[in-house]
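Work through these exercises with the model open beside you. Try each task before you read its solution.

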Amino acid sequence: MIPLTTVQGLAPEILRDRVAERPVFIWGGGDVGLDVLIGLRRAGFNVQAFIHTQAPAGDEDTVFGLPRLPVSAVLENTSSLNPFVVIASVEYRLQAASACAKAGLIKGRDYIDQLDVRRPVAVLELVAPDGRCMPYAAFTVLLDKLLADQP
């Protein structure tokens with residue numbers, strides 16, 4: 001098989017320069033947010049919390065083991081928090097970017113979106129040319145290969 005080497009997003013050292021010592025927040029706690037969380041952790045970042053568009057003030061629950069904060073908890077305190085925000089919400093991406101800009105954050109310096117977080121890119125076809133699903137044994141070989149290339 002061919003090694004998995006294609007990646008998207010900023011190199012970790014570039015992202016580290018932009019984040020510096022600031023707290024990192026992920027806007028969006030769904031599947032994309034989890035993908036971003038894993039990518040950031042693998043690059044050595046310590047994410048503080050998730051921002052959730054519809055989280056009510058005072059909400060105390062968690063997402064993937066991190067606090068889930070309302071937008072106001074982060075964007076109304078930008079001068080004291082100096083946050084770095086990664087927008088990882090497909091549904092609220094434009095609204096999140098607009099809210100970040102209105103709070104005085106600058107795109108590329110203070111906030112980015114999920115496509116800027118480096119992670120491997122793989123396109124898997126799990127259906128054989130004749131339309132049948134890939135056999136389980138073939139899938140496990142493929143999965144083992146991907147995990148070996150990009151743990």
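A nonpolar core is a set of buried Ala, Val, Leu, Ile, Met, Phe, Trp, Tyr and Cys residues joined through side-chain atoms within 4.5 Å. Keep in mind that this is a predicted model.

**Exercise 1. The cores**

Task: Find the residues with the most contacts inside the largest nonpolar core, and say which elements supply this core.

Solution.
- Step 1. The largest nonpolar core has 19 residues. Leu-15, Ile-26, Leu-40 and Val-86 have the most contacts inside it.
- Step 2. Look at the suppliers. At least two residues of this core come from each of α1, β2, α2, β3 and β6.
- Step 3. Helix α2 gives the largest share, 3 residues.
- Step 4. Now take Ile-26. Leaving out residues up to four places away in sequence, Ile-26 touches Gly-33, Val-36, Leu-37 and Leu-40, among others. Its list also includes Val-47, Ala-49, Phe-50, Ile-51, Val-86 and Ala-88.
- Step 5. Turn to the second core, which is separate and has 13 residues. Phe-25, Leu-75, Cys-100 and Leu-105 are among them.

**Exercise 2. The sheet**

Task: Give the strand order of the sheet, then explain why one side of β4 and of β7 has no neighbour in the sheet.

Solution.
- Step 1. The open sheet has 6 strands, in the order β4-β5-β3-β2-β6-β7. The pairing is mixed.
- Step 2. Strands β4 (62–63) and β7 (111–113) stand at the edges. Each has a single partner strand, so one side of each lacks a neighbour in the sheet.
- Step 3. Check a parallel pair. Strands β3 (residues 47–52) and β5 (residues 66–70) are parallel and share 3 bridges. Ile-51 stands opposite Leu-69 in β5, and His-52 stands opposite Pro-70.
- Step 4. Check an antiparallel pair. Strands β4 and β5 run antiparallel, with 2 bridges between them. Val-63 has Leu-66 of β5 as its bridge partner.
- Step 5. Look at the turn. The hairpin of β4 and β5 has 2 residues between the strands. There, Phe-64 has a positive phi near 50°.

**Exercise 3. Helices on the sheet**

Task: Name the strands that α2 and α5 lie across.

Solution.
- Step 1. Helix α2 (residues 31–42) lies across β2, β3, β5 and β6 (84–87). Its direction makes an angle of about 155° with β2.
- Step 2. Helix α5 (residues 93–102) lies across β2, β6 and β7. Helix α5 runs at about 165° to β6.

**Exercise 4. Two loop residues**

Task: Decide whether Arg-22 is buried or exposed, and do likewise for Ala-11.

Solution.
- Step 1. Locate both. Arg-22 is in the loop between α1 (12–19) and β2 (24–27). Ala-11 is in the loop between β1 (7–8) and α1.
- Step 2. Apply the cut-off: buried means under 20% relative accessible area.
- Step 3. Arg-22 has 13% relative accessibility, so Arg-22 counts as buried. Ala-11 has 10%, so Ala-11 counts as buried.
- Step 4. Find the polar partners of Arg-22. The side chains of Arg-22 and Asp-110 make a polar contact of 2.6 Å. A polar atom of the Arg-22 side chain also lies 2.6 Å from the backbone oxygen of Arg-109.
- Step 5. Add the other neighbours. Beyond residues up to four places away in sequence, Arg-22 touches residues including Asn-82, Pro-83 and Phe-84.
- Step 6. Finish with Ala-11. Its C-alpha atom is 9.1 Å from that of Ala-43, 32 residues apart along the chain.

Technical notes:
Residues are numbered from 1 along each chain as its sequence is written. This is a predicted model: local features need pLDDT of at least 70, side-chain atom pairs count only at pLDDT 80 or more; totals for chains, interfaces and linings use all residues. Side-chain values use heavy atoms; hydrogens and water are left out. Helices (H or I, at least four residues) and strands (E, at least two) are DSSP runs, numbered from the N terminus. Buried means under 20% relative accessible area, exposed over 50%, partly exposed in between (1.4 Å probe, protein chains only). A polar contact is a pair of N or O atoms within 3.5 Å; within protein, one must be able to donate a hydrogen and the other to accept it, and residues adjacent in sequence count only if both atoms are side-chain atoms. Contact means heavy atoms within 4.5 Å. Two strands pair if DSSP finds at least two bridges between them. Axes are lines fitted to C-alpha atoms, for helices over the stretch in contact, and angles run from 0 to 180 degrees between N-to-C directions.
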